[in-house]
Amino acid sequence: MMIRKYPLEWLDALILRNLVQNRNIINITEQELAMICDAIQKEALNIEIQIKDEVFATTKKSEVRLLIRKYHSYFIFLIDKIAENRKNDRYKTKSILQISQTIVDTLSNLLSFIETRFDEYLSLDQRVPLTYLQVSRRELMLRLRNIKKIECDITEDCKTLDLIIDSFNQHFQSRNAPKSTYRLLRYQKNLLHLIEKFNFERKDGNFFSLLDEKLINLNFNSADYYSYIITRIAAHLTAKNQKSGKLAFLLIVFKELNQIESSEKICFDPGQSNIKVSVTNWIKYETQYIEKSIELNIGQKEMTVSKEELQHDLLKEKVECILSTDQIGLILRAGDESRILKAKSMNQVFKSIVPYLSTSQKRDLSYKSMRSKSYTAEERDKEIAIKTLERIIKHIQQY
């Protein structure tokens with residue numbers, strides 16, 4: 001059986017022996033330093049090719065998984081070893097500092113290659129070792145400083161960039177931030193890479209910019225970014241006076257948002273909901289509120305119209321009586337007291353009948369006034385009321 005050569009032998013020897021033990025490296029020239037750094041990068045390229053060859057030659061998935069994890073863990077081990085060696089006084093010299101930094105950058109690139117190309121074979125939810133995390137965050141902080149220098153003509157995108165930088169800084173400084181896993185670290189690197197390469201262009205007529213679309217697509221679910229989107233929507237709603245205009249705007253935003261894909265597998269903050277789902281829910285609740293508000297206003301108008309129509313119909317349906325108010329009152333009182341008209345009270349008799357009556361002198365009669373006057377009627381009114389009832393009797397007799 002052929003014994004394969006250890007593919008990391010050259011880097012291993014450089015890190016674990018030569019940089020620590022070889023005193024000649026301290027006094028190397030600039031030209032020699034450049035040659036060593038160039039050799040490190042070439043060696044990294046050879047290692048990358050070696051990994052591809054080995055994966056291609058391996059038929060079993062379990063063996064590929066073991067191989068990838070072995071490389072991944074040993075790259076991290078070498079980065080940790082450099083961090084440990086930097087405590088040595090020899091590492092404080094300019095030449096060794098530059099060589100060690102080149103090695104760290106090279107190993108980081110190899111790790112990124114494995115995490116991107118062979119992520120299915122890695123346990124991405126494992127916690128990132130502290131040294132590798134520190135190295136990665138230094139790289140991310142440097143990239144954030146470069147992103148801060150990006151010039152952008154779109155006001156909203158400029159604010160979004162500042163917000164992304166603030167979100168990263170808060171995450172790095174927060175003690176309550178979720179543990180840094182390989183998955184989260186890879187997400188952060190990919191996000192910053194996207195922004196570095198992004199072509200900031202205006203998308204006329206749309207609420208969401210091209211940058212918004214990319215961030216929603218990547219599920220950049222930072223709590224601050226969610227609040228910023230909601231604030232922008234709310235500002236547009238405030239500027240519109242008519243509720244119909246607000247509703248139309250929300251429907252347009254909802255349509256735009258539905259047309260943007262958003263990953264459910266990756267996110268910026270594992271403790272927050274999917275950014276598209278969160279914004280969609282807010283729009284739905286706001287839309288429902290406005291719709292209910294419109295319905296309520298229409299209902300109130302309909303109620304007002306109904307009351308007016310009722311009063312109008314009531315006026316049309318009034319029965320005109322040739323008697324005076326006092327005379328009508330006497331007849332209604334007599335009807336109640338003789339128990340011909342039965343109600344809870346005499347007041348109820350007047351209240352139920354009088355609104356439907358009118359006289360030649362008055363269209364609207366007050367039932368309270370009529371009832372009270374029925375107790376103080378004049379003799380003439382009594383005589384007219386009696387004669388009226390007698391006329392009714394005569395007519396009944398003729399039937």
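**Salt bridges and the largest pocket**

Good morning. I begin with one residue, E139, which counts as partly exposed at 27% relative accessibility. On this scale, buried means under 20% relative accessible area, exposed means over 50%, and partly exposed lies in between, with a 1.4 Å probe and protein chains only.

This is a predicted model, in which local features need pLDDT of at least 70 and side-chain atom pairs count only at pLDDT 80 or more, while totals for chains, interfaces and linings use all residues. Residues are numbered from 1 along each chain as its sequence is written, and side-chain values use heavy atoms, with hydrogens and water left out.

First, E139 and its partners. The side chain of E139 meets that of R143 in a salt bridge, at 3.1 Å from N to O; the term requires a side-chain nitrogen of Lys or Arg within 4 Å of a carboxyl oxygen of Asp or Glu. Both residues lie in helix α5, four residues apart, or about one turn of the helix. Helices here are DSSP runs of H or I with at least four residues, strands are E runs of at least two, and both are numbered from the N terminus. R143, at a relative accessible area of 13%, is buried. E196 joins E139 and R143 in a network of salt bridges.

Where else do E139 and R143 appear? They are among the residues that lie nearest the centre of the largest pocket, together with N109, S112 and K189. This pocket is lined by 18 residues and has a volume of about 430 Å³. A pocket is an open set of points on a 1 Å grid over the protein atoms alone, where a 1.4 Å probe fits, with protein on both sides within 12 Å along at least five of seven lines; lining residues have an atom within 4 Å of a point. Points are joined across faces, edges and corners, and the volume is the space filled by probe spheres set on them.

Three elements give two or more residues to this lining: α4 (94-117), α5 (130-148) and α7 (182-197). Of these, α4 gives the most, with nine residues.

Next, two further salt bridges from the eight found in a search of the whole structure. R333 and E337 meet at 3.0 Å, N to O, and are four residues apart in helix α12 (residues 325-337). R333 is partly exposed at 23%, and E337 is likewise partly exposed at 48%. In the other, K382 and E379 meet at 3.4 Å, N to O. Because K382 and E379 are three residues apart in helix α15 (residues 379-398), about one helical turn separates them. K382 counts as partly exposed at 34%, whereas E379 counts as exposed at 52%.

A further arginine, R232, has its place in helix α9 (residues 223-239). Is R232 buried or exposed? R232 is buried, with a relative accessible area of 9%. Leaving aside neighbours within four places in sequence, R232 is in contact, meaning heavy atoms within 4.5 Å, with E156, F207, F208 and D212.

Finally, the chain as a whole. The protein chain has 15 helices and two strands, and 38% of its 399 residues count as buried. Among contacts between residues at least 6 apart in sequence, 76% join residues at least 24 apart. The accessible surface comes to about 24900 Å², of which 51% belongs to carbon and sulfur atoms; areas come from the Shrake-Rupley method with a 1.4 Å probe, and for residues only the protein chains shown count as cover. Thank you.
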